[in-house]
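Visitor: I am new to this structure. Please take one part and show it to me closely, then tell me how the rest fits around it.

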Amino acid sequence: LQERVQALGIPAPKYTVVGGGGPPHDPWFEVEVCAGDRVLGRGRGRSKRYAERVAAETALRAETWQDPAPETDPEVTHGEPGGD
């Protein structure tokens, strides 16, 4: 994930624990991976490291972040309403 993100010129990914729970003998963690201001993926696991791995795998499967965001919405037209 880090290599792909950096190849696109996006800042290195950062992992943040955003949730968790369970009893002390059986905890779970939810981790979010972000690069810049983009959330790339989330993962849940019984350890922080495993949750990070799941988040990274989720991000790698999601292709939406891999293309640069368009400057404008291609569906938006800038002409007069009702005119062609």
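Guide: Start with a salt bridge: the side chains of Arg 53 and Glu 57 meet, N to O, at 3.4 Å. Keep in mind that this is a predicted model. Both residues sit in helix H2, four residues apart, so about one helical turn separates them. How open is each partner? Arg 53 is exposed, with a relative accessible area of 53%. Glu 57 counts as partly exposed, at 34% relative accessibility. The general idea is simple. Side chains of opposite charge can pair when their charged atoms come close.

Now look at the same helix from another side of the story. H2 runs over residues 48-61. It supplies three residues to the largest nonpolar core, which is the largest share. That core has nine residues in all. Its members are Leu 1, Val 5, Ile 10, Val 33, Ala 35, Leu 40, Ala 55, Ala 56 and Ala 59. Strand E2, residues 28-35, also supplies at least two of them.

Pick out one core member, Ala 35. Set aside its neighbours within four places in sequence. Ala 35 is then in contact with Val 5, Ile 10, Pro 11, Ala 12, Pro 13 and Leu 40.

Stay with E2. It pairs with strand E1, residues 14-21, in the antiparallel sense. Seven bridges make up that pairing. Tyr 15 stands opposite Val 33 of E2, and Val 33 is another residue of the core. Six residues lie between the two strands of this hairpin. There, Gly 22 takes a positive phi near 90°.

E2 also takes part in salt bridges. Glu 30 forms one with Arg 44, with the closest N and O atoms 3.5 Å apart. This pair links distant parts of the chain: Glu 30 is in E2, while Arg 44 is in strand E3, residues 38-45. The two are 14 residues apart. Glu 30 is buried, with a relative accessible area of 18%. Arg 44 is partly exposed, at 49%.

A second pair joins these strands. Glu 32 and Arg 42 form a salt bridge, and their closest N and O atoms are 2.9 Å apart. Glu 32 lies in E2 and Arg 42 in E3, so the pair ties together parts that are ten residues apart in sequence. Glu 32 counts as buried, at 14% relative accessibility. Arg 42 is partly exposed, with a relative accessible area of 40%. Glu 30, Glu 32, Arg 42 and Arg 44 are linked in a network of salt bridges. The count for the structure comes to five salt bridges.

Step back for the whole. The protein has two helices and three strands. Along the sequence they follow the pattern α-β-β-β-α. There are 84 residues, and buried ones make up 25% of them. The accessible surface comes to about 6400 Å². Carbon and sulfur atoms account for 49% of that surface. Consider, last, the contacts between residues at least 6 apart in sequence. Of these, 27% join residues at least 24 apart.

Definitions and conventions. Residues numbered from 1 in each chain as written. Predicted model: local features only at pLDDT ≥ 70, side-chain atom pairs only at ≥ 80, totals over all residues. Heavy atoms only, no water. Buried < 20%, exposed > 50% of the residue type's maximum accessible area, 1.4 Å probe, protein only. Contact = heavy atoms within 4.5 Å. Areas by Shrake-Rupley, 256 points an atom, 1.4 Å probe, with all protein chains shown as cover. Core = buried A, V, L, I, M, F, W, Y, C linked by side-chain atoms within 4.5 Å. Pairing = 2+ DSSP bridges. Salt bridge = Lys/Arg side-chain N within 4 Å of Asp/Glu carboxyl O.
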